[in-house]
Amino acid sequence: MLNMDANQFIKHIQAQTGLTYRQLAELMTEKTGKKYSRESLYARVRRKSLKFEEANIIAQIANAKIGIKFD
């Protein structure tokens, strides 16, 4: 999916997994040891400040991969 922003990325993950922001935040906290809350994760997505590393962690939680494709 080209030109996907953080909001679209999260919505796609949620559609595929059924995970809520709260569940994602809890799983990210478990995986990283860094405190994430529903509010902080939602704010990062809305401000478009979600780091690639965080997106990759979310993808791992969803058992998905982030890729790049050249034409």
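These legends go with a few close-up views of a predicted model.

**View 1. The largest nonpolar core.**
Start with the 18 residues that make up the largest nonpolar core. The members that touch the most others are Phe9, Ile10, Leu24, Met28, Leu41, Leu50 and Ile58. Four helices each give two or more residues to this core: H1 (6-17), H2 (21-32), H3 (38-46) and H4 (52-61).

**View 2. Around Ile58.**
Now zoom in on Ile58, one of the core members just named. Setting aside neighbours within four places in sequence, Ile58 is in contact with Phe9, Ile10 and Ile13, and also with Leu24, Met28, Leu41 and Leu50.

**View 3. Glu54 in helix H4.**
Here we look at Glu54, which sits in helix H4. Glu54 has a relative accessible area of 3%, so it counts as buried. Which residues is Glu54 in contact with, leaving aside neighbours within four places in sequence? They are Met28, Lys34, Tyr36, Arg44 and Ser49.

**View 4. Helix H2 and its buried side.**
This view follows H2, a helix of 12 residues. From its first C-alpha to its last, H2 reaches 16 Å, close to the 16 Å expected at 1.5 Å a residue. Its buried residues are Tyr21, Leu24, Ala25 and Met28. They cover an arc of only 100° around the axis, so they end up on the same side of H2. What do the buried residues of H2 pack against? Their partners are H1, H3 and H4.

**View 5. Just past H2.**
Last stop: Gly33, which follows H2. The phi of Gly33 is positive, near 80°.

Conventions: Residues are numbered from 1 along each chain as its sequence is written. This is a predicted model: local features need pLDDT of at least 70, side-chain atom pairs count only at pLDDT 80 or more; totals for chains, interfaces and linings use all residues. Side-chain values use heavy atoms; hydrogens and water are left out. A nonpolar core is a set of buried Ala, Val, Leu, Ile, Met, Phe, Trp, Tyr and Cys residues joined through side-chain atoms within 4.5 Å. Buried means under 20% relative accessible area, exposed over 50%, partly exposed in between (1.4 Å probe, protein chains only). Contact means heavy atoms within 4.5 Å. The expected span of a helix is 1.5 Å times one less than its number of residues. The arc is that of the directions from the helix axis to the C-beta atoms.
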